[in-house]
Amino acid sequence: MDPECSRLLPALCAMLADPRQLVADDTCLEKLLDWFKTVTEAESSLQLLRENPCLVELLSHVWELKLQDVSPGVLAFALRLAGILAAQEDGFQYLQQGQLLLGLFGDSGPLSWAAWSTPGVRSGWIGGLSSLARHPSALHFLADSGAVDTIFSLQGDPSLFVASAASQLLAHVLALSMQDGAVWHPSPQGSAWPPCARKIVGHVEESLCSTATPQVTQALNVLSTTFGRCHSSWTEVLWGQLSPLVACLLERDPIPAAHSLVDLLLSVARSPVFMSVDCAHVSSLWETTAQALSCLSPTQAGPLAVGTLKLPHSPQALRTQAFTVLLQPLACVLRAAAHSLGPPGLLDRTTSGAMTMDALLSSKSAGMGLLCQTLAHLEELQLLPQRSVPWPQASLLGATVTLLRLCDGSAAPSSSEGGRLCATLAGCVRLQRVALDFLGTLSQETSPQELVLQVYAVLLDSLRNPSSSPTVLKKAFQATLRWFLNSPPPVGAASLSLHTLEELLPVLQKRLCSPCWEVRDSALEFLALLSRDQGGQAYFRQALLASEVPALAHQLLQDPESYVRASAVTAVGQLYSQGLQAHPAGPRYPEAQQCLLEDLLRILSTDPEGFPRRAAVQVFTEWLRDGHADIVQEPEQLVATVLLVTGQDLDWEVRAQGLELARVFLSQTLGQPGPCCPYTASLPEATPAAPCPGVLRTPSQRQVFVFALRALFDYDRPVAQKACDLLLFLRDRTAPSSGPLEPGHNSDLASVEATLQRWQSGDPEPEVVLATLQSMDLEGLRSQLAKSSDHVEKGPQSLLQDMLATAGALQENVADCY
């Protein structure tokens, strides 16, 4: 421990033990516990306790007061601190000499005090035991003190945090017991297990046989945590002993704790123990999983089905059953809408399932929730690199299109169930969003041409629909973009692409004029991304230039909403980079280019919001990086103008983007530093390498250097870090072969700042610039900037001082605000 912290610790302990002193907040105590945990991980707890007897005095004082005056927060802190100090066996034995741990965690401790009714105290008691339970001595203490029985009772605590912590602690104690009892060689006979393990397993068995659902849930949660954390061979024996009780739960009506049961089955299946070919009880696991897939409701079985399909070692028959269960809701939708299931595939083998249809029609929220869950699970599976079941692309496309038709009211089902389903799902915005997301994901698969036509038709209808919400329109734009990018129709003179685009552009024009700013923003984002990918296609250029879309996008540079202006800057910048501006090449082409540059510079200089200004600098950077000489005809002048404006901007992201522009400019004018050839012989140099000729010889390059040097003193750390990286790049280009500088030649920041003041009157000489650059300790500055701005205030010494100052124990109040 730091000597200064050790000096402050007695006063802090006295302050915590004094009921007249109020602790500022529990956050300080949490930070203090984190610090003690770090200290005990680095040194012996016994040494810490001997060198700081005030810690034992604090714990003893709390125990002796029996909480008559101690606040619940301080008591919870003391309990957790005792557990941290007793996590090492020597510290545990030291504290146990005076029966201190028994007084804090035994039956005569907080359990019999009035403060036990406070959830924070019960949570602190569990937290202290969780830290303490790390060695055999602690295990015997838990068994002898009656703490295990208390943990059993806390599983049903009214506080969910306490109940969850109690279940996790039980799983931890069970694992510790079996680890300590490794010499017992766990066997199917429970009598051969360690006593503490037998007690916990017996409690779990009793809970699984209970008719009370909360007790069943508690037992399943303990087992899920155990199989998720412990991967020793004894867990296989544990499953073999408890699996019949778990299977019996599936025979009850209704099935208790279904969600916890699913968590347990997946936790066991994911354990490496059950992935081994030598596992004797894996067959019972798959049998129970198959039984659960058959018995659980569609909503409950969905997570189990998708989890089973993600397991690489599950049997093929079980995977087929799981996929069938997962597809049932969509099969019901297709049948209710009187659609065929498409080509023969896995979806054909699903049964309509009265239970599934009842779940879809039971209520609007239930049906929407089941379908959203199904689509989300299928999207997870589609993104997997390998699928061991056939993927019914055509049927899934048809079902998703049907769902969207049911939601917007354009479907015309012929069956009574279809009519009820249409009435249930009509206007479900959430389901529309999820279905559009899944429809976009399906674009990555090969699809029949007639279904592609249906996809584009439903997407266009969603975009045209005046009742579509802004969020649905955004999802529709995103799905349309993904289909254009991933599954574009064949390009030709009279292609589907051109036909679809000719239908899409009028809709886009309408949405660019929407009174809702979110819709205008989504339309601009779609235009920018589509132009970036399709801008080189002749059919796209022809259709876009024949429309009013480029002109409307340019007009939105003056939109009253800042988000829309920012998106318009990005979209117009992309259009101009592709030659798709409102005034194509012709007599007015140079005039149009100059007009756009002036508009973007005006936005950068005068826009009151930061988003459009950031977008403007990003456009300039992309133009410069991509080498658009037709737009940026005088890059040095443009860079100088942009840096002059961004250097005075109040938005740190604008200033940081200005540094990125400077880096791109220097990379193009100076070149990237190339790696040395590994086969080139290195000859000894008589003199240090001279700076590269021409570096920092032009006024624009020196202006970039001065800009980066000023940014080095920026109040915002990300800007200073980016400036430091830029100066390091520049220094490597000026003297690429020079060795490390002598520490004595490094100038401090004060001298650099004074140099900047002298340069305000005019352009500095290249030699002076190079000398200043080479004299700076940029590596040291970068390491300093890597630290957080409050790294000093976050230290333990500052924390102790703050707590003492808040309590008035120091003469001067130097509390930090953070």
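This passage describes the overall make-up of a predicted protein model and then two of its helices. Residues are numbered from 1 along each chain as the sequence is written. Local features require pLDDT of at least 70 and side-chain atom pairs pLDDT 80 or more, whereas totals for chains, interfaces and linings use all residues, and side-chain values use heavy atoms, with hydrogens and water left out.

The protein chain has 40 helices and zero strands (DSSP runs numbered from the N terminus: H or I of at least four residues for helices, E of at least two for strands). Of its 818 residues, 51% are buried (under 20% relative accessible area with a 1.4 Å probe, protein chains only; exposed is over 50%, and partly exposed lies in between). Among contacts (heavy atoms within 4.5 Å) in the protein chain with a separation of 6 or more, 73% join residues 24 or more positions apart.

Helix α14 covers residues 234–249, and its end C-alpha atoms are 23 Å apart, in agreement with the 22 Å expected for 16 residues (1.5 Å times one less than the number of residues). A kink of about 45° is found at Leu242, shortly before Pro244; the bend is the angle between axes fitted to the seven residues ending at a residue and the seven starting there. Leu242 is itself buried, as are Trp234 and Trp239 in α14.

Helix α32, residues 610–626, has an expected span of 24 Å, and its end C-alpha atoms lie 24 Å apart. Twelve of its 17 residues are buried, so α32 is largely enclosed by the rest of the structure. The buried residues include Arg613, Arg614, Phe620 and Trp623. Just after α32, Gly627 adopts a positive phi of about 70°.
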